[in-house]
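Colleague: I am new to this one. Could you take me through one part closely, and then through what surrounds it?

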Amino acid sequence: ENFAEAYGMGERGMFRTILDLILRPGHLILDYLRGRRASYFAPFKMYFLLAAVSLLVTHGLNITGHALHDDSENTTEEVKREHKSGKTTKTTNDFEENTPTMEQGITIDEDGVQRSFEKDYPEESRMYSIIYSVLEKIERFEEKYPSINILLLLMLISGNLFLFFRHSPNIPDLRYPELFISLVYIANMYTVYSIVFDFFSLTKLASLSIFLTIIPLKQMSGYSWWRTILKTVVAFTIMFVLLIVFIVLAVLGVRLFVEYHG
């Protein structure tokens, strides 16, 4: 009871908010932005609560009783079936063990001569080492803090969406903090659908539910369907282009750092 009270799970506003996120997400956001907030659950509080529930569902609290998005068990079952049928295949681990890679310090040129990557290409080896280290840290951060990772992604896309939705028919004077709160509610809507689909082990539907986020954007903005879709696609395209430019600049920066500082 104390846990439920601390997280607001016993409040009527929580169940109404979940119902409205499913049936009328864009209108819920409009009501919240217009000051009718007493009837709705706080967006950030709900975000972290739903993230915790989603984590439980994907790690075994579902109809199958097994963790989702884990291919290790499926791979083991495939190997067992292949052995029973008399087929012998080389696994990915066997291939990686017998194949020289840059991480192992060996590469093969066009003449078939083995060369030491670290000795013959010291700058490239150092550059790849730095990039691999950064990517590994990013991957660990994403695995350890998925909720914070999604919030950072929302901050990234919110800037582009703000440029296209700040003068919408329903909210002609939309401010950036209001748009960010709207995106948090939209993320909550997506999480609700994902929890339901993941609970019944419908992982593909859970992934496809990302496209449902166009509904609240259309309802809250007042644009037509095609105009909402066009603005959203352009905003995401700009975001991906900026990410590619950032990655290219980061790689060039690492290369220059290695050349001048070793």
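Why is H3 described as largely enclosed by the rest of the structure?

Modeller: This is a predicted model, so local features need pLDDT of at least 70 and side-chain atom pairs count only at pLDDT 80 or more, while totals for chains, interfaces and linings use all residues. Residues are numbered from 1 along each chain as its sequence is written, and side-chain values use heavy atoms, with hydrogens and water left out.

Now helix H3 (25-33). Of its 9 residues, 8 are buried, so H3 is largely enclosed by the rest of the structure. Buried means under 20% relative accessible area; exposed is over 50%, and partly exposed lies in between (1.4 Å probe, protein chains only). The buried residues are Pro25, Gly26, Leu28, Ile29, Leu30, Asp31, Tyr32 and Leu33. Just after H3 comes Gly35, with a positive phi of about 100°.

For the setting, the protein chain has 13 helices and 2 strands. These are DSSP runs (helices H or I, at least four residues; strands E, at least two), numbered from the N terminus. Of the chain's 262 residues, 29% count as buried.

H3 also feeds the largest nonpolar core. Such a core is a set of buried Ala, Val, Leu, Ile, Met, Phe, Trp, Tyr and Cys residues joined through side-chain atoms within 4.5 Å. This one has 39 residues, and Ile29, Leu154, Leu161 and Tyr185 touch the most other members. Each of these helices supplies at least two residues: H2 (12-23), H3, H4 (43-58), H9 (146-165), H10 (176-199), H12 (214-221) and H13 (225-261). H10 gives the most, with 11. In soluble globular proteins, nonpolar side chains tend to be buried together.

Tyr185 links back to H3. Contact means heavy atoms within 4.5 Å. Leaving aside neighbours within four places in sequence, Tyr185 is in contact with Leu28, Ile29 and Tyr32, and also with Thr17, Leu21, Tyr40, Phe41, Ala42 and Pro43. Across the chain, residues 24 or more positions apart account for 63% of the contacts with a separation of 6 or more.

Pro43 leads into H4, where it is one of the buried residues; Met46, Tyr47 and Leu50 are also among them. H4 has 16 residues and reaches 22 Å from its first C-alpha to its last, close to the 22 Å expected (1.5 Å times one less than its number of residues). Just after H4, Gly60 takes a positive phi of about 130°.

H4 also helps to line the largest pocket, as do H8 (122-144), H9, H10, H11 (203-208), H12 and H13, each giving two or more residues. On a 1 Å grid over the protein atoms alone, a pocket is an open set of points where a 1.4 Å probe fits, with protein on both sides within 12 Å along at least five of seven lines; lining residues have an atom within 4 Å of a point. About 1500 Å³ of space lies in the largest pocket. Its lining has 43 residues, and Ile150, Leu153, Tyr190, Ser194 and Ile210 lie nearest its centre. H9 gives the most, with 9.

Ser194 sits in H10. At 7% relative accessibility, Ser194 counts as buried. Beyond neighbours within four places in sequence, Ser194 is in contact with Ala206 and Ser209.

Methods: Points joined across faces, edges and corners; volume = space filled by probe spheres on them.
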